Amino acid sequence: MISRHLVIKIFVALAITVVSFTAYATHSWSNYHWSRTTPSFTLQTLNSTVSAGTGANWPALLSAAASQWSQSTKLDLNVVPYSNALKDRKRCTAVSGKIRVCNAAYGNNGWLGLASINITSVGHITQGTAKMNDSYSSTWAGDANEAPHVMCQEVGHTLGLGHTSEDGSTQNTCMDYSNSPTSTAPNQHDYDQLVTIYGHTTDSSNSYSTSSAATASPGQSGMAGDVPLGNLVHRGHFHDVYVAPDGRGGLWITHVRLAPGFEHLDTQ
Ligand SMILES: [Zn+2]
Ligand SMILES: [Zn+2]
């Protein structure tokens, strides 16, 4: 049983780590990465999306984002059809060694998109989910750039990338918070960042699964069900970051893309 004291220490350490990344031009997400024993790897990307209509054809947007991120020399995303029953998309249970992308009407809860990664105590990503919220259908319909932007960004987070800027200015990448039509796909800086994050081959094992089987076992024991949000550790103008212990010595970290009207106007 992990002591309450230790949990608090982890939260404090993590809050400092999470906050500090915003201050630097590099935009890895605190150097979180999938562990690998080879120079490049293929990440199985479970597709639990359905088209939500105007502006939000999620399966098409996922496939576009996957091929864009796959232009990285370090990784390929292999999109695999996965359960898209409504109840499964709502839960979007994480699957060990893979990322899973879901959409549903999650409610008017303040978030447009949400990316969660499960990291070990040394920062290796072991599973991740990205969720798009159809309850904000007017946002998706109102700006055709928004859905590809958010899809690309949430998937980018599951690879270990943070934001390139958080003030709304454009860096011509989906990892910024701009509404610019040039901010809907990764740019060369993102690919360079992936080279940095995944440049080492000193990991002793792979944290990703090589199996593309759609019947893969659900998340590791103790992690059946939804990803816990946990405690708010960072508040930005357009986003929040939450951290929760995963019960196995690691953490769940969640990036929340705030919905219009829910931005924190007192922060930059
Ligand atoms: Zn490593
Ligand atoms: Zn984000």
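How does V233 count, buried or partly exposed, with 19 C-beta neighbours inside 10 Å? Partly exposed, because a residue needs 20 or more such neighbours to be buried. Keep in mind for every view below that this is a predicted model.

**View 1. V233 sits in strand β7.** The strand covers residues 231-235. Have a look at A244 too: its C-alpha lies 10.0 Å from that of V233, with the two positions 11 residues apart along the chain counted as the separation.

**View 2. Strand β4 is wrapped up on both faces.** This strand takes in residues 99-104, and 6 of its 6 residues are buried, so the rest of the structure largely encloses β4. On one side you find I99, V101 and N103, and on the other R100, C102 and A104, all of them buried. On to its partners. Strand β2 (residues 41-48) pairs with β4 in the parallel sense, over 4 bridges, and N47 has V101 as its bridge partner in β4. Strand β6 (residues 124-133) also runs parallel to β4, joined to it by 6 bridges. Here N103 stands opposite M132 of β6.

**View 3. The largest nonpolar core brings together 54 residues.** Those with the most contacts inside this core are L62, A65, V101, M151, V155 and I253. V101 is the residue of β4 that was just paired with N47. Pick out I253 and, leaving aside residues up to four places away in sequence, you'll see that I253 touches S116, I117, I119, V241 and V243. As a rule, nonpolar side chains in soluble globular proteins tend to be buried together.

**View 4. Helix α5 is a buried helix with a glycine after it.** Its 13 residues span 19 Å from first C-alpha to last, close to the 18 Å expected at 1.5 Å a residue. Count the buried ones and you get 13 of the 13, so α5 is largely enclosed by the rest of the structure. Following the helix comes G160, with a positive phi near 105°.

**View 5. Helix α6 keeps its buried residues on one side.** Buried here are D190, Q193, L194 and I197. They take up an arc of only 100° around the axis, so they lie on the same side of α6. In general, an α-helix has 3.6 residues a turn, so residues three or four places apart point the same way. Turned away from the buried side is a face carrying the exposed residues Q188, D192 and V195. The cover over the buried residues includes β1 (33-34), β3 (75-81) and α5.

**View 6. N187 lies in the loop between α5 and α6.** The loop links α5 (146-158) to α6 (188-197). N187 has 18 C-beta neighbours inside 10 Å, so it counts as partly exposed. Not counting residues up to four places away in sequence, N187 touches N172 and T173. N172 is 15 residues from N187 in sequence, yet their C-alpha atoms are 6.7 Å apart.

**View 7. Confidence varies along the chain.** The mean pLDDT is 86, with 85% of residues at 70 or more. Among the elements, helix α2 (residues 58-69) has the highest mean, 98, and helix α1 (residues 4-20) the lowest, 50. Residues 18-25 are below 50, and this stretch has 9 contacts in the model beyond near neighbours in sequence. Residues 216-224 also stay under 50, with 21 contacts beyond four places in sequence. Where pLDDT is low, predicted coordinates should not be read in detail.

Technical notes:
Residues are numbered from 1 along each chain as its sequence is written. Chains are lettered from A and ligands numbered from 1 in the order in which they are written. This is a predicted model: local features need pLDDT of at least 70, side-chain atom pairs count only at pLDDT 80 or more; totals for chains, interfaces and linings use all residues. A nonpolar core is a set of buried Ala, Val, Leu, Ile, Met, Phe, Trp, Tyr and Cys residues joined through C-beta atoms within 7 Å. A residue is buried if 20 or more other C-beta atoms lie within 10 Å of its own, exposed if 12 or fewer, and partly exposed in between; C-beta atoms are placed from the backbone. Two residues are in contact if their C-beta atoms, placed from the backbone, lie within 7 Å. Helices (H or I, at least four residues) and strands (E, at least two) are DSSP runs, numbered from the N terminus. The expected span of a helix is 1.5 Å times one less than its number of residues. pLDDT is the predictor's confidence in each residue, from 0 to 100. Two strands pair if DSSP finds at least two bridges between them. The arc is that of the directions from the helix axis to the C-beta atoms.
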